[in-house]
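Thank you all for coming; I would like to take you through one structure this morning, going slowly enough that you can follow along on the screen. Please have the sequence and the model open as I speak.

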Amino acid sequence: MAEQVAFKRTSVLTDDYFHYCPGCTHGVAHRLVAEVIEEMGIQDRTIGVSPVGCSVLAYNYLDVDFVEAAHGRAPAVATGIRRTLPEDRYVFTYQGDGDLASIGMAEIIHAANRGEKITVIFINNAIYGMTGGQMAPTTLPGMRTTTSPNGRDTGLCGHPIRMCELLDTLVEPKFIARGSLSSPKLILKAKKLLRQAFDLQHSGFTFVELLSTCPTGWGLTPDNSLAWLERNMVPFFPMEVFREPGKMPPQATPYHPDLKVRDDAPKAEKKTEEG
Amino acid sequence: MAQRRMLMKGTEAIAEAAIRAGCHHFFGYPITPQNEIPEYMSRRLPQVGGVYLQAESEVAAINMLCGAGAAGVRVMTSSSSPGVALMSEGASYMVGGELPAVIVNIMRGGPGLGDIQPSQGDYDQMTRGFGHGDKHFIVLAPSTVQEAVDMMALAFDLADEYRNPCVVLGDGLIGQMMEPVTFPEPSERTFDRSWAATGKKPGQRRNILRSLFLDPEVLEKHVEKLFEKFKVMELKEQRYEAWMMDDAPPVVISAYGTTARIAKSAIRELRAEGHRVGLFRPISAWPFPVDGLATYVEQTRLFLGIEMSMGQMVEDVRRVVAGRRPVQFWGRTGGMVPTVEEIVAQVKERSAALGQ
Amino acid sequence: MATQDVVMAGFGGQGLMAIGKILAKAAMEEGKNVTWMPSYGPEMRGGTANCVVIIDDDPIGSPVVKRTQAAVVMNKQSIDKFEPTVADHGLLVINTSLIDRKAARDDLKVVYVAANEIAESEGGAKAANMVMLGAYLGVTGATKPETLEHAIEATFAGKRGNLGDINVRAFRKGLEVGLAARG
């Protein structure tokens, strides 16, 4: 009987071993990104931007050109790349919740607001993993971390931030969705979201949030982590497609080409000057 | 063909010179007294097919430079002292990742919000404290608008040659004043960009531009490689002007940027009255022109550092003079510009104390 | 002529910066070294503004001077601020349309010009700055009048209407006042 290929490893992943902890879903997310890049045939046209956090070494695993960003600044770095390279290139960032929703909040909001033609992959595991399990902007109320030993006190540090919902208030984004990596079925669904985002990238800003586990940071077994995610994170971070073609963005401010705030603003070109 | 002289403001001349030097991308954030640079760029860059983008902060701006530099294009930003301080982290990443770019700092008064008047309080920031880790930036300090124009092409070439950000350090005076300028012919030099992250070529090694090397042995090797470049810079890129130094004047003023031209006016007056005074003007603040200054130590009786600060570059002068001659300092700060009269009086007083 | 320096001061909007630039440009066209240095910052947003122009055959050192050879003042605050900083026996050009006092110093050469009224009679009160520039040039001869007229024309080239003509006429009226005062 001829051998059948039941599972093929994507060629966009390198041969390196993941450094991630057992049960961490970063590896799954990496593989999904790699498979999307392979299926679209864009490996030679893709530039990744790695963050600071557990996935700081993403460039070791995803076999595409990479630029490393400072903590939180990946959307700004991606902006610089996007605005430089030809339109057929694909540019993505891969960021965790501390990187994107805390120190990098300004960069993500403004890149989304400008409609940068990039895909942002947002790994939300409700904790700072690499630094050892500190409270993140997405840490759930009451959730214990090394810097919220009695559980997140919302009176002291507010509620977790829902990034998809926040970005959904902006006009420019073309795709905003939240998925989860907590079950095989949801993983397949997450891959579809990533594919949609990459497919739409050249039309504007695209954003996929993936609910992820951090067994080490959470102090749970891999199995229990998955159950904990579905029981506690999903109710607070609903899995939805917030923005996609056909789903209208909020009302844009009307554009007035003739709207002038001041008369003495320098003219763009000499020849457009009156007289 | 003789180039036409044009009367231009320092900031606008810097912007135009950058474009003529092939600057294609500009990212920045408004701050006085350099706003004419982004304003000019926002008008001109689209005309030449370039990209102007106002960033949400200086922090974002420097990281946009990081991305554009990594993608292999000539890119610059400009800012002023506190804004430049915000860029220091990203600038360090660019040194580590060996990414070229030009950073213009039009200095204003500090510390803190300070004021918006001319200052030279960032000498230490740019030559010592700009970003974390073992690193250097070539720092060029123009004294006239024409010199600033000529420096822009040089700055881009140096950034590309060494794959390291290059700083042009001016002050509010040079930014705001107008002088006649002529623009040099564009440089013919070309630079290898095969290292840029533009998409992995099939069958070739991919390009990863990063500053993270978790293995200490590997990081040490990386830093040593960077310092090989810095050593070459120190050998090849020292620039200075020695003015009125041919008759071995006993008193030598050390000053850079616009302070140096004020010192020149003072020296003319002093010489007219029979006082022999010379000027040593570093053009590159880093690498400091150690070798040039060293040749004048023996023949000089007194060095007088003059700066629009409480004394920053003078420490480099002291380092070279190394106790062999007295090195004194006089300066104004907070946005106060030294006057010719003040410098004349300072030199006379100190010469008299020397027994001149 | 070794060196000429002048401070020009008045309200923001009176066009002091503009006549400083025109003077600098004309001197540049005659092959001179020039610098033009403005006051800048919040004070330029509607308050009193000034610029210093230096013209020299030799390279110019300091673009700022503590005591200028001349001051062209167009409002009360400016005469109060800059009359004391004019060098001994220097020149003070006063816009009498907006300044109701005489010069306080007796060592200065003083030229009184009703710049706003003269400009109005030439068809544009906004050209009062040109009258002042003309008066300054008439006394000092800092550049040739023709070079300066070219610089004015170049400044207004392509602008709406006959602004260039009005400004040149205003400049000439001021020049007459200056030449007469030169004595």
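**Strands at the start of chain A**

Let me begin with β1(A), which pairs with strand β3 (residues 90-96) of chain A in the parallel sense over 4 bridges; by strands I mean DSSP runs of E of at least two residues, and by helices runs of H or I of at least four residues, both numbered from the N terminus, and two strands pair if DSSP finds at least two bridges between them. Before going further I should say that this is a predicted model, in which local features need pLDDT of at least 70 and side-chain atom pairs count only at pLDDT 80 or more, while totals for chains, interfaces and linings use all residues. Residues are numbered from 1 along each chain as its sequence is written, and chains are lettered from A and ligands numbered from 1 in the order in which they are written.

Within that pairing, A:Thr46 stands opposite A:Tyr90 in β3(A). Another 4 bridges join β1(A) to β2(A), again in the parallel sense, and there A:Ser50 stands opposite A:Glu68. Is β1(A) mostly covered or mostly open? It is mostly covered, since 5 of the 5 residues of β1(A) are buried, where buried means that 20 or more other C-beta atoms lie within 10 Å of the residue's own, with exposed standing for 12 or fewer, partly exposed for anything in between, and the C-beta atoms placed from the backbone. A:Thr46, A:Gly48 and A:Ser50 lie on one side and A:Ile47 and A:Val49 on the other, and all are buried. As general background, in a regular strand the side chains alternate between the two faces of the sheet.

**From chain A to chain B**

Turning to the interface, 32 residues of chain A are in contact with 38 residues of chain B, contact meaning that the C-beta atoms of two residues, placed from the backbone, lie within 7 Å. On the side of chain A that touches chain B, β1 (46-50), β2 (65-68), α2 and α4 each supply at least two residues, and the largest share, 6 residues, comes from α2(A). By class, that side of chain A has 16 nonpolar, 6 polar and 10 charged residues, counting Ala, Val, Leu, Ile, Met, Phe, Trp, Tyr, Cys and Pro as nonpolar, Asp, Glu, Lys and Arg as charged, and the others, Gly among them, as polar. The strands also meet across the two chains, for 2 bridges join β2(A) to strand β9 (residues 208-209) of chain B in the parallel sense, and the bridge partner of A:Val67 in β9(B) is B:Leu209.

Helix α4 (residues 105-114) of chain A deserves a closer look, with A:Glu107, A:Ile108, A:Ala111, A:Ala112 and A:Arg114 buried. Seen down the axis of α4(A), these buried residues fall within an arc of 165 degrees, so they line one face of the helix; the arc is that of the directions from the helix axis to the C-beta atoms. What do they pack against? Their partners include α2 (74-82), α3 (97-103) and β4 (119-124) of chain A, as well as α3 (58-70) of chain B. After α4(A) comes A:Gly115, whose phi is positive, near 70 degrees.

**Inside chain B**

In chain B, 6 of the 6 residues of strand β5 (residues 102-107) are buried, so this strand is largely enclosed by the rest of the structure. B:Val102, B:Val104 and B:Ile106 point one way from β5(B), and B:Ile103, B:Asn105 and B:Met107 the other way. Strand β4 (residues 75-79) of chain B is joined to β5(B) by 4 bridges, running parallel, with B:Ile103 as the bridge partner of B:Thr77. β5(B) and β7(B) also pair in the parallel sense, over 6 bridges, and here B:Cys166 is the bridge partner of B:Val102.

Finally, the domain assignment of chain B, which is automatic or taken from a database, gives domain 1 (6-185 + 211-236) and domain 2 (241-354). The C-alpha centres of these two domains of chain B lie 27 Å apart, and the contact takes 27 residues from domain 1 and 22 residues from domain 2.
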